[in-house]
Amino acid sequence: MKRSPVGLDAIADWHNLSAAFHRAALGKRSRPEVQHFAAHLEPELVRLRRDILAGTVAVGKARRFRIHDPKPRLIHAPCFRERVLHHALMAHVGPVLDRALIDDTYACRVGKGTLAAVHRAQHHTRRWPWWAKIDIRAYFASIDHQILKGLLACRFKDAGLLQLMGRIIDAHADTPGTGLPIGALTSQQFANFYLAGLDRRLLEGCRVRGYVRYMDDIVWWGDDREMVRVALAEARAFAAERLALRVKEPTQVGRSALGLSLCGYRIFPGCLRLSRRRKRRYAECRRQWEAAYAAGLIDICALQAGYASALAITWHADAAAWRREQLRRVPLAPALVER
């Protein structure tokens, strides 16, 4: 394949760095480190450009914290200067990686997302009678650095650019030589790209009838149970032998008429239902906003906006009856009504 000629000069271009700063600062202007960077914008960008071209730009400095949505995760948030670097890098590298992906890959891509993945999965569910679903055990923590760098070398030829991406990859490791940090823009793009070969193996090698991937959640469809199980064996072997990944057990195989779960929805040929996880998120979101209002931390307008955000979690599902039942079982507290 023809490799991209993108090099460090494009990444370190003044206009590219300036645009990267504005993208990285979006929604974060009130933070002290962003304000400090903005107050000294020209010298900061000059220094960043110089360090990129010299191959000495600092990477790996991140703030760590845990979240529990929907399960416990350790997040590594890069410092602001490194976020600017990541945005500048992905402005040129991202489109090249995106072209390597099939159309039915839906994570971290413009015009895609969870809802598009769910609607595509429902489309396949209406057409094909059997499906199989897998996900990768500890996906981000299991990505092999050498394999990833080899895949990137097949797409880019500039030695300086490959060295920069290699330094970013090597700056974090869950175990020696493996793992990408959750929370970095580069990690999302690299992780999405890492499974591109598996996408093509299943679509072009196994000839599955339909296919949807959202990061490491992968579903495909076939004419019968045997067809999807043959593809399942092929996916296991390819993940282990070519990508050093393990498929999480047990895997799932089922009839389309009985539905499947993906991206927070229970997908049937004729309707979309909420998963248990999404129902819990709705209840938790509503409780948090009501508690903040009861404590006097927000006004009634903010509470209404909070209710809108809670309803948005359930909006695209066929869940009107469930929402009415929730309001009947857990009505607005009298103290909130009186206010």
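**Exercises on a predicted model**

In helix 6, the residues A117, V118, A121, Q122, H124 and T125 are buried, where buried means under 20% relative accessible area, exposed over 50%, and partly exposed in between (1.4 Å probe, protein chains only). Helices (H or I, at least four residues) and strands (E, at least two) are DSSP runs, numbered from the N terminus. The model is predicted, so local features need pLDDT of at least 70 and side-chain atom pairs count only at pLDDT 80 or more, while totals for chains, interfaces and linings use all residues. Residues are numbered from 1 along each chain as its sequence is written, and side-chain values use heavy atoms, with hydrogens and water left out.

**Exercise 1.** Determine how the buried residues of helix 6 are arranged and what they pack against.

*Solution.*
1. Seen down the axis of helix 6, the buried residues fall within an arc of 165°, so they line one face of the helix; the arc is that of the directions from the helix axis to the C-beta atoms.
2. The face turned away from this buried side carries the exposed residues R126 and R127.
3. The buried residues pack against strand 4 (210-214), strand 5 (217-222), strand 7 (260-262), strand 8 (265-267) and strand 9 (272-274), with contact meaning heavy atoms within 4.5 Å.

**Exercise 2.** State how many disulfides the structure holds, and examine C271 and C285.

*Solution.*
1. A disulfide is a pair of cysteine sulfur atoms within 2.5 Å.
2. By this rule the count is 0 disulfides.
3. C271 is in no disulfide, and the nearest cysteine sulfur, that of C263, is 17 Å away. C271 is buried, with a relative accessible area of 17%.
4. For C285, the closest cysteine sulfur, in C301, is 17 Å away, too far for a bond. C285 also counts as buried, at 14% relative accessibility.

**Exercise 3.** Describe the salt bridges of R209 and of E249, and say which parts of the chain they link.

*Solution.*
1. A salt bridge is a side-chain nitrogen of Lys or Arg within 4 Å of a carboxyl oxygen of Asp or Glu; the structure holds 15 salt bridges.
2. R209 pairs with D223 at 2.7 Å, N to O. R209 lies in the loop between helix 11 (196-205) and strand 4, and D223 in the loop between strand 5 and helix 12 (225-243), 14 residues apart.
3. E249 pairs with R236 at 3.0 Å, N to O. E249 lies in the loop between helix 12 and strand 6 (252-255) and R236 in helix 12, so the pair ties together parts 13 residues apart in sequence.
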